[in-house]
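Please open the model in your viewer, with side chains available for display, and follow the stops below in order. Each stop says what to select next and what is there.

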Amino acid sequence: MKKLHELIAPVALVLGTALLGLVVSSALQTYFLDTLIKVAIVVALYVFIGNSGVLSFGHISFVALGVWTAGVLTVPTAERAAIMPGLAGFLRHATAGNVPSLLLAAVAGLVFAFVAGLPLMRLSGLAAGIATFGVLEIVNNVLRYYDKIGPGLNAFSSVPETTGIWQAAIGALACVVVAFAYQRSRFGRQLRATREDPAAASAAGISIYRQRLLAFAVSGALAGLAGGLYVHLLPVEIDSLYLDVTFITLAMLVVGGSNSLLGAVVGALAIGGLDSFLSASENGVDLLGWHLNLPTGTAELTVGVVMAVILIVRPSGITGGREFSLAWVRR
Amino acid sequence: MSVSWQTLADALSLGGIYALMAVGIGLVFGVLRLVNFAYGQLIMAGAYAIAYASVWGWPSWAGILLCFAVVLALSVLMDRIVFRPLRTHSPAVMLVATFAIAFLMQSIAVLAFGQLGTVASSMGPLNQPWDVGGVEIRKIAIVSVVVAAVCLGLLQLLLTRTSVGLHMRAASMDFRTARMLGVRANRVIGGAVLISGLLAAVSAVMLTARNPQVTPIFALDDTIIVLAGVVLGGLTRPIAATLGGFTIGFASGLLGGALPTNQSQYLPTFLFAAVILVLLVRPNGLFARASAGAERL
């Protein structure tokens, strides 16, 4: 595969974050883990939104589905009755190990995104945006209240906390590599052609519907995997995977530059890093001899300001939608 | 499933308020091709103005005035700081920028006023029931239907009988051609933003009367439903957007009142499933003209 060097920068950034996460205290490490999972989610978003140019507000529902799949299957059977009293049928007994549960989360994301995409990928523009938003609403609503299939409003407690720094890093890297392989494949190129000029791409024999559906399914799988990683990190409440996460991950993508994989990774790391740093400062941190203790809410406020300013000053994102190129080094 | 007169009146009034919000969003979309997600936060700011005015002991008319001042000032500010620099950029960037503004305003509200919220007690009298022919109906239900009808009538007059309205309609059909024919872009956009702000302020008063508990996420759910309604109706014409907003408000009020309690928690599922179905059949919107293929792929 040519242009393999484009993969260097995103991979190096993820690895660098993981290594940095290894040396900090365990209290701070949670922030690094969280940011790595955000990288996985934003890369999943990028596979569809970046390559197709169509906005989707539904991807966090695929993450929620990944959380649900991996969560329900890995809560120890002895504790299921206490955590999820309403659970019905085979869900009461079915179990999976750590890695199988992650893979099943990805499969759940893939299948659901494919099925949802079958009708939805016929839409475009605002109609597609609102319809994918509808998917988010419905999944959130059902998982929140239907307690026969999960913990409802409660958290997925007692899920084995297996997402350490390596599992998070490998998961994020897997997403980056899949996204890269997809974007260099003929399918990825065809979809990018439809993004640039739908009429010309159709005239060249590309089915916009099929290419969008494929990308939607692939990105659904990555989002599901990210959800699996997330529920293995901390006891997730399904309800928390809703508007806030949708906004912040979309903003990460756009701030980084939605037209490149590097943009997705840079955006997730930049906003995730800033948000983590400020959230940590709200609890008080010592930095270069200064003791920083910010009032609660500063993190959201600052992140909001930074996002707005970057969008106004540099609407094509930090990377301008370009991949890493060796020419940058030679210059 | 039985529908009472109260439910019907309530659904009508919710439809009226949502219609106002829908046309506020639709007008700005018409001239800017921008879906303003931060519209709900404008309403939230107005609701806080009313709540704080009532905490300070101001009379309710002063609270309403303050609400209008705050919402209008914020609308104009939003236009100047955010919409203007981004006018030439892709709809996705503009939409995400309004997300950022919404997020920002919400976190300012959390920081300044706290998570728990404030009660706008000055609007209490409007929430009292009225006896209409043996049926108890909340005053606000009747007031909001009347106010919505008056506002929409005035807006229709403005759009069809004044030159500003003509310019606005021309600009929303084809902005470039309209400019070449002498429509001044900043004036038209400024006008649309102002009217949209006025409608947001009116909606803020109505929504605060319906629900006096003002929190940082006030009107957020309403805005989401209205946005779905606007796209459902069709964004190409203000009237289509208005009808879309009314339809979804009415449907949501009716379903919310008519569903049994153990099912009403699934109201968003029913509502959005219906929205998706309608969009699949009519992607341009329920009330769009058949020939309105304005949007590109």
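Begin by selecting D10(B) and R210(B), whose side chains meet in a salt bridge with an N to O distance of 3.4 Å; the term salt bridge here means a side-chain nitrogen of Lys or Arg within 4 Å of a carboxyl oxygen of Asp or Glu. This pair links distant parts of the chain, since D10(B) lies in helix α1 of chain B and R210(B) in helix α8 (residues 185–210) of chain B, 200 residues apart. Helices (H or I, at least four residues) and strands (E, at least two) are DSSP runs, numbered from the N terminus.

Before going on, note that this is a predicted model in which local features need pLDDT of at least 70 and side-chain atom pairs count only at pLDDT 80 or more, whereas totals for chains, interfaces and linings use all residues. Residues are numbered from 1 along each chain as its sequence is written, chains are lettered from A and ligands numbered from 1 in the order in which they are written, and side-chain values use heavy atoms, with hydrogens and water left out.

Keep D10(B) selected and add R138(B), because these two side chains also meet in a salt bridge, at 3.2 Å from N to O. Here D10(B) in helix α1 of chain B is joined to R138(B) in strand β3 (residues 135–138) of chain B, 128 residues apart. Salt bridges that share partners thus join D10(B), R138(B) and R210(B) into one network. Side chains of opposite charge can pair when their charged atoms come close.

Which members of this network are buried and which are partly exposed? R210(B) is buried, with a relative accessible area of 16%, whereas D10(B) at 24% and R138(B) at 26% count as partly exposed. For these words, buried means under 20% relative accessible area, exposed over 50%, and partly exposed in between, with a 1.4 Å probe and protein chains only.

Next, select L14(B), which lies in helix α1 (residues 5–32) of chain B and is buried, with a relative accessible area of 8%. Leaving aside residues up to four places away in sequence, L14(B) touches R210(B), G249(B), S252(B) and G253(B), where contact means heavy atoms within 4.5 Å. Add F250(B) as well: L14(B) and F250(B) are 236 residues apart in sequence and 6.1 Å apart in space, C-alpha to C-alpha.

Now display α5(B) together with α8(B), which pack at an angle of about 175° with their axes 10 Å apart, so that α5(B) is roughly antiparallel to α8(B). Axes are lines fitted to C-alpha atoms, for helices over the stretch in contact, and angles run from 0 to 180 degrees between N-to-C directions; those under 35 degrees count as roughly parallel, over 145 as roughly antiparallel, 65 to 115 as roughly perpendicular and the rest as oblique. Among the residues that meet here are V147(B), C151(B) and L155(B) in α5(B) and L199(B), V202(B) and R210(B) in α8(B).

While α8(B) is on display, pick out S196(B), which lies in this helix and, at 4% relative accessibility, counts as buried. Its contacts, not counting residues up to four places away in sequence, are G24(B), V28(B) and Y39(B).

Then turn to helix α5 (residues 139–161) and helix α6 (residues 163–173) of chain B, which pack at an angle of about 80° with their axes 5 Å apart, and are therefore roughly perpendicular to each other. The contact is made by residues including L158(B) and R161(B) of α5(B) and L166(B) and M168(B) of α6(B).

For the last stop, show both chains: 42 residues of chain A are in contact with 42 residues of chain B. The area buried between chain A and chain B is about 3600 Å², of which carbon and sulfur atoms give 83%; buried area is the accessible area (1.4 Å probe) that two parts lose on being put together, summed over both. In chain A, select L126(A), I130(A) and F247(A), which lose the most area to chain B, together 17% of what that side buries. How many salt bridges are there between chain A and chain B? The count is 0.
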